[in-house]
Amino acid sequence: MFERPRSGERAILVHIKLNSLSHQADLGEFVELATSAGAVCVDQLTGKRDLPHPAYFIGKGKLEELKNQIEADEIELVIFNHTLSPSQERNLEAALQCRVLDRAGLILDIFAQRARTFEGKLQVELAQLKHLSTRLIRGWTHLERQKGGIGLRGPGETQLETDRRLLGERIKQLNKQLDKVSQQRDLSRRARKRADVPVIALVGYTNAGKSTLFNHLTNAQVYAEDQLFATLDTTMRQDILEDKTKVIFADTVGFIQQLPHDLIAAFRATLEETCQATVLLHVVDASDPERLERIEQVNEVLEQIGADEVPQIMVYNKIDRMEEIPRTEQQGQGEDVRTKIWLSAKTGEGIPLLQQAVQTFLHPEKVHCCLRLSVSEQSLRSRLFTETIILKEDYADNGDSLLELSMHIRQFAQLAAGAF
């Protein structure tokens, strides 16, 4: 064994197409991930195999080729676009004398860089520790030795056992802290439920434009960039729709194929907002040629976290990058008004159609009407204002109030019966 090499920025990317897998990770997305983590992608190594090699994942021929490229280009880091077992990582590092990182470790590193809130940092640390717990013995020879010195000799625990125990204690501590966060979120959700405030969560593949759309809908200033995992921490903002309905929009972390299970488990408190939402706005990059596969991958993650039963409104974003848009879908005619919206969060085109679709979903049985109230009926006018169902108010020449209303059919029936 050897002392594990320090990480560097000069990296070579390894992407092997496995014939045994139906879903293959995308090479272009892999390059974006590595770049987002701060790696300088010097070279790429690609190939094909039926099955991964049990010891090195790649074959011995590719291993020699990789060694030569590392020496020639002074590579400091090798990143695999696959999930490696702890033994495969250990064997590769021993053979290459260079640090090796798999796809899960790469995503965890990006999350560690982007976490801003206290909760987000706790979640990322928990995921990292769970990932590390199976890899402790990978590169340090001292871990297998017993502690020496006066008073420490004997059959005591090895350094590896000590580190595992300390790691387990820290994981328990983080779980307790995140349980408190989950309880706080649960209290907030109960308060919103009592107030009957619907929650609209934006979900989708990473870099689909969720944060840009969120900013447009709520006039917020959430960080939005054209990069993978720009958003990690869930942000919630209250807004009032045109029909005076109070809603809460929630911007959530983007999904990606082969998302590490430790990450999903660590972000359970955040992802609960998605599970408890009234409706999901499933944001899709309409200009992505693989958008159908991206939709399927997001739905798979939603199923993993138990949010597959929450109703969805499909939002096809970034139409400003498309040359042609299907006319019926762009205009949202018929059933498409409620289920499929084409828009551009960058330019604002199609945003009113989305707002209309949300209103239609939340209040499918709303009545739009006009009402004339005399001066003696001001108490009813005050009640209508309290319920925030008045869209517009004018006055007649004799002082009567001319009100434009939008209300649930149940409220309209009460109003008509004089029981409102």
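**Exercise 1. Work out how Glu290 is placed and which partner it pairs with.**

Start with accessibility: Glu290 has a relative accessible area of 31% in this predicted model, so it is partly exposed. Next, look for its partner. Glu290 makes a salt bridge with Arg294, and their closest N and O atoms sit 3.4 Å apart. Now check that arginine: with a relative accessible area of 10%, Arg294 falls under the 20% cut-off, so it is buried.

**Exercise 2. Find where Arg372 and Asp400 lie, and say whether Asp400 is buried or exposed.**

Begin with the contact: the closest N and O atoms of Arg372 and Asp400 are 3.1 Å apart, in a salt bridge. This pair ties together distant parts of the chain, 28 residues apart. Arg372 belongs to strand E11 (residues 366-373), while Asp400 is in the loop between strand E12 (390-395) and strand E13 (401-408). As for Asp400, its relative accessible area is 12%, so call it buried.

Zooming out, shared salt-bridge partners join Glu29, Arg103, Asp288, Glu290 and Arg294 into one network. The whole structure has 11 salt bridges.

**Exercise 3. Place Glu65 and Lys62 in their helix and describe their contact.**

First, the helix: both residues lie in H2 (residues 60-73), three residues apart, or about one turn. Then the contact: their side chains meet in a salt bridge at 3.6 Å, N to O. Finally, exposure: Glu65 is partly exposed at 36%, and Lys62 is also partly exposed, at 26%.

**Exercise 4. Count the disulfides, then sort Cys98 and Cys370 as buried or exposed.**

The count is zero. Cys98 is buried, at 3% relative accessibility, whereas Cys370 is exposed at 65%.

Notes: Residues numbered from 1 in each chain as written. Predicted model: local features only at pLDDT ≥ 70, side-chain atom pairs only at ≥ 80, totals over all residues. Heavy atoms only, no water. Disulfide = S-S within 2.5 Å. Buried < 20%, exposed > 50% of the residue type's maximum accessible area, 1.4 Å probe, protein only. Salt bridge = Lys/Arg side-chain N within 4 Å of Asp/Glu carboxyl O. Helix = DSSP H or I, 4+ residues; strand = E, 2+ residues; numbered from the N terminus.
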